[in-house]
Amino acid sequence: MIEDIYDVDTSSVPRGDGTRDLVLTDRWNTPLGKPNGGYLLATMLRGLHDEMGADDPMVAAITYLAPPDPGAAELRTATVRAGRRVQTGTASLWAGDRQIAALTANFGPRPDGPSVELGAAPKLPDPDRCADPRDHGMPTDGLFGRVDYRLASTPGWSQGQPSGDPSIELWQRLAGGRRVDFPALALLCDSFAPPVLELGDGFQQSMTVQLTVHLHRLPRPGWIATRLSTRHVVNGFHEEDCELWDEDGNLVAQSRQLGILL
């Protein structure tokens, strides 16, 4: 069943020594033929959380060290500090003798407290009034078969006419409407084509070097409004900012990543 794929593909099995066994699958591959970085982050974050028995994840910072391949892998975890308000842990993802990624994450309870929101959610048409890009030439396998997208307008880069504005707003959700948990929020921060593609020639392929996500709250069931933007490209590297908002207009997650142009 579609609803079960996310759970199966982000699961890991403990050995009892802080190490967990898992299998990276090609079901979340990008068009570059490698498992998506957001999928790796969700898998590592879920495994570290389960190994520590921690509260909800609040912040996760991952550095990608080598291109992953589908197949058997192991997650090596450690608890750095188990405080009352904040728990901190680390995890490293290995495939054989190759380290693929390194993660540091903070977990904690979510008590009631003041909230001040100075931003606003993207002003998108309702999802049922937006286009499914898979009906207009976007691949239907790999990552793009595991996440549903709805776009108010077609990106210029996909039509061979980059707009020059490296930003986009869209709706996302896990395929089939599966309810989003915190690791899935982290995944959705890195699950669509990078907006730097809108800058045209020389900007058509990018890979993430480092990604930090802030996980604020669980969304209400439904679609996630997503805002992606790049403002600076320096010496072949660029930043990418992401905001995720639920259908009630609550900011549920945000991220910043460093990408390298290929």
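Reader: Why is R15 called partly exposed rather than buried or exposed?
Author: R15 has a relative accessibility of 45%. Buried means under 20% and exposed means over 50%, so R15, at 45%, counts as partly exposed. Bear in mind that this is a predicted model.

Reader: Fair enough. Where does R15 sit, and what is it in contact with?
Author: R15 is in the loop between strand 1 (13-14) and strand 2 (19-24). Setting aside neighbours within four places in sequence, its contacts are D21 and E74. As for distances, R15 and L118 are 103 residues apart in sequence, and their C-alpha atoms are 45 Å apart in space.

Reader: G16 comes right after. Why does G16 count as exposed?
Author: For G16 the relative accessibility is 70%. Exposed means over 50%, so G16 earns the label at 70%. G16 is also in the loop between strand 1 and strand 2. From G16 to E51 there are 35 residues in sequence, and the C-alpha to C-alpha distance is 9.0 Å.

Reader: Let's zoom out. What makes you say the chain is as compact as a globular protein of its length?
Author: First, the inventory: the chain has four helices and 13 strands. Its radius of gyration is 18 Å, and the globule rule gives 18 Å for 262 residues, so the chain is as compact as a globular protein of that length. If you prefer a box, the C-alpha atoms fill one of roughly 50 × 45 × 40 Å along the principal axes.

Reader: How much of the chain is buried, and what does the accessible surface come to?
Author: Buried residues are 48% of the 262. The accessible surface is about 12400 Å², and carbon and sulfur atoms account for 49% of that.

Reader: How many positive and negative side chains are there, and how far apart are the centres of the two sets?
Author: There are 24 positive and 35 negative side chains, with the two centres 4 Å apart.

Reader: What share of the contacts join residues at least 24 apart?
Author: Counting contacts in the chain between residues at least 6 apart in sequence, 68% join residues at least 24 apart.

Reader: And the inside? Which residues have the most contacts in the largest nonpolar core?
Author: That core has 56 residues, and the ones with the most contacts inside it are W28, L41, L93, F192 and L244. Helix 2 (residues 37-52) supplies the largest share of this core, eight residues. A second, separate core has seven residues, including L124, C130, W223 and L251. In soluble globular proteins, nonpolar side chains tend to be buried together.

Reader: What does L93 touch?
Author: Beyond its neighbours within four places in sequence, L93 is in contact with a list of residues, among them L22, L24, L40, M44, A73, L75 and I100. Polar or charged names turn up in that list too, including E74, R98 and Q99.

Reader: How do you know that T226 is buried?
Author: T226 has a relative accessible area of 0%. The cut-off for buried is under 20%, so T226 qualifies at 0%. T226 belongs to strand 10 (residues 224-229). Not counting residues up to four places away in sequence, it touches P122, I168, E169, L170, Q172, C242, E243 and L244.

Reader: S255 is a serine. Why is S255 called buried?
Author: The value for S255 is 9% relative accessibility. That falls in the range under 20%, so S255 counts as buried. You'll find S255 in strand 13 (residues 251-261). Among the residues it touches, leaving out those up to four places away in sequence, are C189, L211, V213, E240 and C242.

Reader: P35 is in a loop. What makes P35 buried?
Author: P35 lies in the loop between strand 2 and helix 2. Its relative accessible area is 5%, and the limit is under 20%, so P35 is buried. Outside four places in sequence, P35 is in contact with T25, W28, N29, L40, P68, D69 and P70.

Reader: One more loop residue. Is N235 buried or exposed, and what about its phi?
Author: N235 has a relative accessibility of 75%. Exposed starts over 50%, so N235 counts as exposed. N235 sits in the loop between strand 11 (233-234) and strand 12 (237-245). Its phi is positive, about 55°, although N235 is not a glycine.

Methods
Residues numbered from 1 in each chain as written. Predicted model: local features only at pLDDT ≥ 70, side-chain atom pairs only at ≥ 80, totals over all residues. Heavy atoms only, no water. Helix = DSSP H or I, 4+ residues; strand = E, 2+ residues; numbered from the N terminus. Rg over C-alpha atoms; globule rule 2.2 N^0.38 Å. Buried < 20%, exposed > 50% of the residue type's maximum accessible area, 1.4 Å probe, protein only. Contact = heavy atoms within 4.5 Å. Areas by Shrake-Rupley, 256 points an atom, 1.4 Å probe, with all protein chains shown as cover. Lys, Arg positive; Asp, Glu negative; His and termini not counted. Charge placed at Lys NZ, Arg CZ, Asp CG, Glu CD. Core = buried A, V, L, I, M, F, W, Y, C linked by side-chain atoms within 4.5 Å.
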